[in-house]
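Reader: I'm new to this one and would like a close look at a single part. Could you walk me through the surroundings of the ligand?

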Amino acid sequence: MTEESVFDRYRADVRRPMRRLFGAYGRPRYGWFALGVLANLLAQFASLVPPVVLGAAVNTLDGGRFSLPLVPNAWLPTGTTGAFELSVVLIGGSFLTTAAFTYLYGVAANEFAHGVMHAVRVDCFEKMGRLDMSFFDDKQTGEVMAILSSDTENLESFLDNALTNSVRLGTLLVGIGVVLVLENAYLAAVTLLVAPVMVGFTYWFMKRAEPLYAARRSSVGKLNTRLENAISGIELTKTTASEAHETERVRRSSKRLFEDTMAMLRLSYFYRPGMELLAGVSFTLTFLVGGYWLFVGPPPGASGTLGAGTLVTFLFLSQRFATPLAEVSNIIDQYENALASSERVFGLMDIPVGVTDRPDAVALTDVDGHVEYDEVSFAYDGEPGDDATGETVIDDVSFSAEPGETVALVGPTGAGKSTLLKLLLRMYDVTAGEIRIDGHDIRDVQMASLRSQIGYVGQETFLFDGTIADNIRYGDFDADHEAVVEAARAAEAHEFITNLPDGYETRVGERGVKLSGGQRQRIAIARVVLQDPQILVLDEATSAVDTETEYLIQRSLDALAADRTTFAIAHRLSTVKGADEILVLEDGQITERGSHADLLERDGLYAQLWSVQAGDLDSLPDEFRERVALSDD
Ligand code: ADP
């Protein structure tokens with residue numbers, strides 16, 4: 001688990017992920033972003049109006065003038081009644097304005113945040129689909145799932161909450177500061193005296209909190225990995241009766257997360273009341289100095305009078321520092337989360353794709369089905385053109401098939417039969433040599449056109465969530481119902497399908513009926529019939545089906561293969577007897593080739609396998625025993 005994954009490698013190389021996020025995904029939505037920030041600014045400023053107006057109104061009680069900061073006195077009424085009326089309008093209006101802009105800000109900020117997330121999600125998925133098969137061999141699907149779900153969520157909560165909270169924080173701090181200074185610079189100095197302490201305290205907190213947040217994030221990751229592992233391994237857990245062992249491992253990871261969370265919370269619960277206490281100190285100091293001024297006279301260094309209303313404004317506003325400042329810790333946490341998540345997102349985006357269309361790739365059309373393997377070698381972890389890397393799985397293999405011919409591959413498990421045929425579909429690219437279809441190197445043609453010319457029936461048949469008809473249509477999404485039924489008939493599947501509760505409209509997959517292996521395979525064959533490719537790749541299923549089903553499947557495959565170039569991996573040699581050429585593969589090399597009759601004559605491995613499958617085990621010489629022992633898959 002500590003082994004470095006491809007992911008980690010590219011993740012570590014991601015530079016300035018947040019800037020990339022804003023650049024690549026934010027740009028088309030900058031309008032929403034700007035609107036959100038602006039609306040937030042206006043909402044925050046409007047929310048400062050009531051305490052200021054209230055103070056101004058109170059100031060008129062002892063005969064003072066109604067005056068507001070930043071507003072020329074000439075615009076304001078002089079009488080108390082007029083002042084009162086204006087105050088009511090302003091206070092009511094500011095609440096309305098705050099509400100309206102808060103709404104606008106919410107809509108705009110979410111359009112931005114969720115719009116970005118939607119685009120990131122779709123792009124990640126699209127990229128995931130293009131990744132090389134070898135990426136999935138490393139079983140990193142859990143990580144991809146995490147990116148598509150929790151990482152996009154992290155980004156979203158940052159873009160939505162943290163970003164707008166910091167706008168709010170800035171606006172409030174600046175707004176309150178400006179208003180106070182304009183109202184009464186002396187008293188503002190008193191009220192703001194604790195501000196540097198608050199900032200210092202916040203800085204101290206951030207320094208302490210950061211490693212705790214980081215530790216917690218890492219514990220969350222570890223616990224998730226552990227859970228994922230435990231769930232996918234549930235069968236092993238049950239068969240080895242190791243539930244207690246697994247629970248203990250999860251308990252340890254969970255305990256770790258609990259401890260890290262508590263360490264973080266202890267600090268943040270210290271911080272929040274601390275901030276509130278500091279705001280209280282500011283309030284008390286303001287009340288002390290302002291009250292003294294009001295009741296006794298100007299404090300040392302001050303002159304003139306202080307209106308009671310001004311003190312009211314100060315007391316109201318001094319209380320509004322603490323809450324947004326206390327948000328700072330959340331903002332930082334969300335930022336750090338988002339940073340880690342965007343690194344993962346761009347780590348995924350940056351994984352290079354090896355098997356892809358060349359810029360000048362042409363479409364493969366009107367295929368005759370002439371297939372050539374020319375000195376093909378392959379290693380799963382090898383680099384193209386570099387023979388030195390990886391363990392060779394296919395070693396210098398050459399053969400060819402004329403249009404319409406059938407080539408069968410036999411040999412022990414692990415010899416490389418499946419691998420050899422996956423190369424034809426470009427699930428992987430050859431490490432050396434060339435595969436040609438009708439003379440085109442398959443790396444020079446468009447992948448989609450290549451794959452549409454090759455029908456593949458594998459050992460495992462995956463059915464997507466959807467109806468039977470939907471699943472058959474993976475062969476041709478434009479096919480009409482008649483074509484689907486015809487394909488099913490050719491695949492010997494029509495009968496069992498019509499016996500299902502909703503016929504072709506029966507749902508299969510996660511929430512639908514479960515089909516047997518033989519039924520699934522016939523649906524896969526129907527898919528290929530509908531696809532009508534010129535080349536077939538058949539990886540014979542080893543799952544046990546009853547004799548009649550096997551006969552049906554074989555009959556439909558034979559019909560399908562009749563006039564197409566066909567490559568078949570066979571475990572039951574009876575099915576390949578009629579092949580034009582049989583290749584015996586051992587350790588990635590072709591050791592025997594020829595027709596059934598040729599190979600029997602040769603009296604090599606094939607002839608031995610044949611006699612074993614015919615039931616004549618005892619006649620097997622020791623030399624072959626070892627070789628066939630591998631082949632009972
Ligand atoms: P066969 O189809 O003849 O049983 P395969 O082509 O499945 O053989 O496997 C050939 C060799 O390649 C085996 O040694 C197997 O372990 C290895 N192999 C198969 N698939 C992968 C993979 N995805 N990644 C790495 N090695 C693989």
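Author:
**Around the ligand**

Let's start with Ser418: one of its polar side-chain atoms sits 2.8 Å from an oxygen atom of the ligand. Keep in mind that this is a predicted model, and that the distances are computed from it. Taken as a whole, the ligand has 560 Å² of accessible area on its own, and the protein covers 62% of that.

Backbone atoms join in too. Gly414 has a backbone N or O atom 2.8 Å from an oxygen atom of the ligand. For Lys417, a polar backbone atom is 2.9 Å from a ligand oxygen. So that makes a side-chain atom for Ser418, but backbone atoms for Gly414 and Lys417, if you want to pick them out on screen.

Now zoom out to the residues around the ligand. Running along the chain, you meet Asp137, Tyr380 and Val393, then Pro412, Thr413, Gly414, Ala415, Gly416, Lys417, Ser418 and Thr419, and finally Tyr428. Helix H14, which spans residues 417–424, gives the largest share of this shell, with three residues. By character, the shell splits into five nonpolar residues, five polar ones and two charged ones. The two charged residues are Asp137 and Lys417, and you have already met Lys417 through its polar backbone atom, 2.9 Å from an oxygen atom of the ligand.

Methods: Residues numbered from 1 in each chain as written. Predicted model: local features only at pLDDT ≥ 70, side-chain atom pairs only at ≥ 80, totals over all residues. Heavy atoms only, no water. Near = heavy atom within 4 Å. Polar contact = N/O pair within 3.5 Å; in protein donor to acceptor, adjacent residues only side chain to side chain. Areas by Shrake-Rupley, 256 points an atom, 1.4 Å probe, with all protein chains shown as cover. Helix = DSSP H or I, 4+ residues; strand = E, 2+ residues; numbered from the N terminus.
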